[in-house]
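Reader: I should be grateful for a close look at one part of this model, namely the annotated binding-site residues and their surroundings. Please take them one at a time and describe how they are placed.

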Amino acid sequence: MAAPGENLRINADRLWDTLMEMAKIGPGVAGGNNRQTLTDADAQGRTLFKKWCEDAGLEMGVDTMGTMFARREGTDPDALPVYVGSHLDTQPTGGKYDGVLGVLGGLEIIRTLNDLGIRTKHPIVVTNWTNEEGARFAPAMLASGVFAGVHDLEWAYGRTDAEGKRFGDELERIGWKGDEPVGARKMRAFFELHIEQGPILEDEGTDIGVVTHGQGLWWLQVTIEGKDAHTGSTPMPKRRNAGLAMARVMELVHEVAMDYQPNAVGAVGHVEVYPNSRNVIAGKTVFTVDIRSPDEKTLNTMRARVEAGIATICDAMDLSFSVEPVGHFAPVTFDKDCVKAIRDAAERLGYSHRDIVSGAGHDACWINQVAPTAMVMCPCVDGLSHNEAEEITRDWARAGADVLFHAVVETAQIVE
């Protein structure tokens, strides 16, 4: 298929202005955004996005999970569409770019094609996936998971937030429950642009990350039980300290991850300590272990080592324990042809680039199970994300959207 000429570029100023306009909806308290899924702010952001899409001549479809699909027709009515997008929902203290850049970068592709009068054989569909963040309704990537058949629709509707409100009820409340069956759409390919959410690209001065793989993960919930006791009067040899055991597991997780460099990672995240009093030795701890690797064998080996190590630590300290898997997805290998389209686009446009593994989950990770998929990444300042201080430059946004434009349009095939 013919590649777009290297002179074809998106309108960087328009893209940036669109990002800043969307950021006005659901403002955070420190310069970022709080536009959590299925809130009134989410509804406002969706309405603005719909208006922009309709202004660009796109036809909007919405499925029963609330995912938005804005379609630009191709010249061949039977050709499978090329999909592009990400998500508009944010963390409670989220930034202005995580997810949003991918959606509005997709819209900018359409606007640029309209400006240049370019038609494609395949339709192009700009997508806003519902509840990618999972901040209000767990798990993350919920709508794309239902689309890919990973989750059941009614199960998704039954997810509840901290106030006990159901996902399905809130979707109806804000008026964005569509009537299109989830997963009915067929794709030629799916492309997603995202900020890196890590420091590698900025540290190396590289413009573009060509995402070849996504990390698989295991989330393990660990409960360790010992005995509450007075911190001052209990002799050291007689202590059954669940807090100390948790600390040793933290060190273990770090050591295991370090043994599988360069791409494996691991940490203890959520922690609960009981009774959590300053002069009581912890009798119980509950915490989560998060381990990730792009290689499935490595990932499972890491899990086995962590679980064996927990047993050794607890047995030596006369503590009881349990380990429950509470989250998992397998490592992702993105489609080689889609990855090549991104790499070739970066090369053609003169942007520095490197292959990279995504350490975070994205909608593309689920869609990869049902369609050829790949991702483009641009740097973010200090690798910071899920934080209101999240920042990118206009030039980084331009480079990422330029590469996205070329990869999508090449796959959609320009009609001469």
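Author: A polar contact is a pair of N or O atoms within 3.5 Å; within protein, one of the two must be able to donate a hydrogen and the other to accept it. By that criterion, the side chains of D98 and H194 are joined by a polar contact of 2.8 Å. The model is a predicted one, and every distance below is computed from it.

The annotation comes first. An unreviewed UniProt entry lists H87, D98 and H194 under "binding site". These residues are spread over 108 residues of sequence, yet they cluster in space, with a largest C-alpha distance of 9.8 Å. The lining of the largest pocket includes H87, D98 and H194. The feature "binding site", again from an unreviewed entry in UniProt, is also placed at D98, E133 and H386. Here the spread is 289 residues of sequence, but the residues again cluster in space, the largest C-alpha distance being 9.5 Å. D98, E133 and H386 are likewise included in the lining of the largest pocket. D98 thus appears in the one listing and in the other.

D98 is therefore a suitable place to begin, being buried at a relative accessible area of 4%, against a cut-off of under 20%. D98 is found in the loop between β3 (82-86) and α3 (100-116). Apart from residues up to four places away in sequence, D98 touches H87, D89, E133, H194, I195, Q197, S385, H386 and E390. Among these contacts are the other residues of the first listing, H87 and H194, and those of the second, E133 and H386. The side chain of D98 also makes a polar contact of 3.4 Å with the side chain of H87, in addition to the 2.8 Å contact with the side chain of H194.

H194 belongs to strand β5 (residues 189-195). With 1% relative accessibility, H194 counts as buried. Its contacts, leaving aside neighbours within four places in sequence, are S86, H87, D98, G99, H362, M375, V376, M377 and C378. One of these, G99, has its backbone nitrogen 3.4 Å from a polar atom of the H194 side chain. H194 therefore has a polar atom of its side chain within the 3.5 Å limit of the backbone nitrogen of G99, while its side chain also makes the polar contact with that of D98.

E133 lies in the loop between β4 (124-128) and α4 (142-147). E133 is buried as well, its relative accessible area being 10%. Setting aside neighbours within four places in sequence, E133 is in contact with H87, D89, T90, Q91, D98, A140 and H386. H87 and D89 are among the contacts of E133 and also among those of D98.

A strand outside the annotated positions may be added for context. Seven of the ten residues of strand β7 (residues 216-225) are buried, so β7 is largely enclosed by the rest of the structure. Strand β11 (residues 284-293) runs antiparallel to β7 and is joined to it by ten bridges, with W219 opposite D290. Nine bridges join β7 to strand β12 (residues 320-329), also in an antiparallel arrangement, and there L220 stands opposite P325.

Definitions and conventions. Residues numbered from 1 in each chain as written. Predicted model: local features only at pLDDT ≥ 70, side-chain atom pairs only at ≥ 80, totals over all residues. Heavy atoms only, no water. Buried < 20%, exposed > 50% of the residue type's maximum accessible area, 1.4 Å probe, protein only. Helix = DSSP H or I, 4+ residues; strand = E, 2+ residues; numbered from the N terminus. Pairing = 2+ DSSP bridges. UniProt positions renumbered as here; feature names shortened; annotations may be inferred. 1 Å grid on protein atoms, 1.4 Å probe; cavity = no way out; pocket = protein on both sides within 12 Å on 5 of 7 lines; lining within 4 Å. Contact = heavy atoms within 4.5 Å.
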